[in-house]
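This report describes the packing of a protein model, beginning with its nonpolar core and continuing with selected helices.

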Amino acid sequence: MADQSSLPEWVTPLNVLRASVYLLGITFTLYTIYYAYSLFFIRLRYSNLFVGMGIALFYLDYVRECYETRNQTTKTAIDNTATSAGGGSSTGVISTLRSVAHRIDPLVAVGLAFLALWSTAYVELNFDRLFYDAPVVGYTETDLLIGVALIALAVDATRRAFGNVIAAVTVGAILYAHSLVGPNMPGVLRHTGMSWEQIARDGAIGLTGVYHETLMGIGATWVAIFIMFAGIAKAYGLMDFVLDAGREIGSSLQTGIVQVAVIASMVMGSITGSAAANTATTGSFTIPMLQDQGVRDDFAAAIEGVASAGGQMLPPVMGVAAFLMADIIGVPYVDIIRAGLIPATLFYFSVGIGIHFAVLKFGWTNEQLTEFEPRILLQGIHFTIPLGVLLYTLVILRFTPLSAGMYTIFTIMLVVPARNLLVDGASGKTVSKTIKQTIDGLHQGGVEMAPLVGVLAAMGVIIELLTQTGLAQRVSTLIVGLGGGSLLVVLLLAMLASILFGLGMPTPAAYILVVILVAPGVTAMNVPEITTHMFVFYFAMLSAITPPVAISVAVGSRIADTSFTRSCLQALRIGAPGFVIPFAFVTNNSLIYWSLPMTLIAFPLVLTGTIALTVATVGYDGSKRLGYLLRGLYVILACGAMFGSVSHIIVQAVAAAAILALLTFSNVKSISQLPIPSKINRP
């Protein structure tokens, strides 16, 4: 006791935990950056240490959140206990059990953090034997137990980070692979089965599964460097600048903050790789701003949910799926960026138009317009330099995403301190502020990447076991067989399967699962490979706004404190064109594989059809509400403009011309009669 009393007051278990998380987060980010610079290990060996640090960091940060939340709610709990004194004994027992569970869980998480570090240290110390000798001479019992531990860590970390859905899928894949289940499954699901030793080997200790070359290999390098850059950029004030600029722009637009909220969510969603996480992050800012403007609660939740989910399709990151797609297909990363550009433009243009019409339809406009102050944009102009470096290294120099991300991080670490010195002046306060921003950014980058490590490891286990059992090949064959040779039927089946497999999952996990299980069936119908991957990826992404899970809408409805069901209905209306656009780029392949002049012809035609479909789903054309008959006409014309090929180009052109004629005729009088404000309010 004497030793404890001699310690400074700030040395408490919680502060020690915070310091551990902080230091491990910084170390995790620096380890990734140093590997990008030196490539000192083969990627597989580097990934092993990455897994250990990432999972350990996630667990320790989880414990920190538990204790901080507990401290914040202790007083409330005491008050509730006092007021409920004298309750039934059964209630007291349940409360006691919950209290014990809440106390034990953080201790278990700390133990699992050390298990993660110890397991990956074991793999590192035995790496040469596991990599070269063990596949030939066999694995020891200790090896297999370590394999089981790594699989269990992946499942549990995924459960804590992303909920029970994907964790249950992982457990289901393990059970399905086992010899007690596989041979007893019916029909196409039957296989010979695997022993627990084989599951431990293929799931982890054979340096597969948890260490899957594509999933963890790309995740620990290309994905990690971008997630960490995003964390560093946030610490330097990028998110604050986007929101401040958004408020300024929104105050000068008739539709207010709505479009700005969409753009902010789109940009941030592209980087995070999780629609739910993006909704929680940006939605906590944008949804209250939408509500303050008068947007109905269910629409506010739907707008944020659709924008956050759709951000996953925005190049150059595409919710980190672009990196995985380039590696799986084996094409240059730039090809994926180019292929995703037009479909993303179509989707976000349709969402933007749909939200614009909805705001006008229900009168949620901004009545107090202010003059836009361009100087607000100058506050963040320094952020364009690292973004320019990113685009230059990726597109012009054709560097790998790992190298491009590294140079972008180096650039922002030079630009922001220089900006601080020029704007704030050379002083000790400026230097200390800049150092703190940099260290906080390194910590935040590591913490934001940590939850993804577990889910990438879990997905590696799923993919490896489903491949070993042969289920992946049989599902694709089944889809083609049920399609009966009809491309449309196969595409519809692939759409349903992609949405089903993507429910509740983060973008990288959803994409990998549908690519393994669904994409081969579409490719078998002679659909080009990149087009196939884009098709199944889009529907896996759209599962985030599809009931019954609709994870991004669920998060948004909680923030908006509104009905989940009504929010889902509005999200489906706003995002409806997104469910049609993938079929359009299958039939208009020049939207994916750019070619002249077909791309220049197909893009405006499909875009016009997308606008018509948006008008039909919203029920408003910019000047008046539409009846069902006119909405049906817009749907027919939209299908004519969106679907076609070289032989149907005339049909598409006629349909597009009819759409433009209808919209022009309906709006020309209302446009000419729009009131011109005689005075603009100035702040």
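In this predicted model, the largest nonpolar core comprises 216 residues, and the members with the most contacts inside it are Phe50, Met449 and Met534. The greatest contribution to this core comes from helix α19 (residues 428-469), which supplies 16 residues. Leaving aside residues up to four places away in sequence, Met534 is in contact with Met318, Met325, Ile336, Ala339, Gly340, Phe585 and Ile592.

Two further helices, α25 and α28, are set out below by extent, burial and the residue that follows.

| Helix | Residues | Buried residues | Following residue and its phi |
|---|---|---|---|
| α25 | 551-560 | 7 of 10 | Asp561, positive, near 55° |
| α28 | 598-618 | 16 of 21 | Gly619, positive, about 80° |

Helix α25 is largely enclosed by the rest of the structure, because 7 of its 10 residues are buried, that is, under 20% relative accessible area. The buried positions are Ser552, Val553, Ala554, Val555, Gly556, Ser557 and Ala560. Their cover includes α12 (275-293), α13 (297-310) and α26 (564-575). Aspartate 561, with its positive phi, comes after α25.

Helix α28 is mostly covered, with 16 of its 21 residues buried. From its first C-alpha to its last, α28 reaches 30 Å, close to the 30 Å expected at 1.5 Å a residue. Glycine 619, just after α28, likewise adopts a positive phi.

Key. Residues numbered from 1 in each chain as written. Predicted model: local features only at pLDDT ≥ 70, side-chain atom pairs only at ≥ 80, totals over all residues. Heavy atoms only, no water. Buried < 20%, exposed > 50% of the residue type's maximum accessible area, 1.4 Å probe, protein only. Helix = DSSP H or I, 4+ residues; strand = E, 2+ residues; numbered from the N terminus. Contact = heavy atoms within 4.5 Å. Core = buried A, V, L, I, M, F, W, Y, C linked by side-chain atoms within 4.5 Å. Expected span 1.5 Å × (residues − 1).
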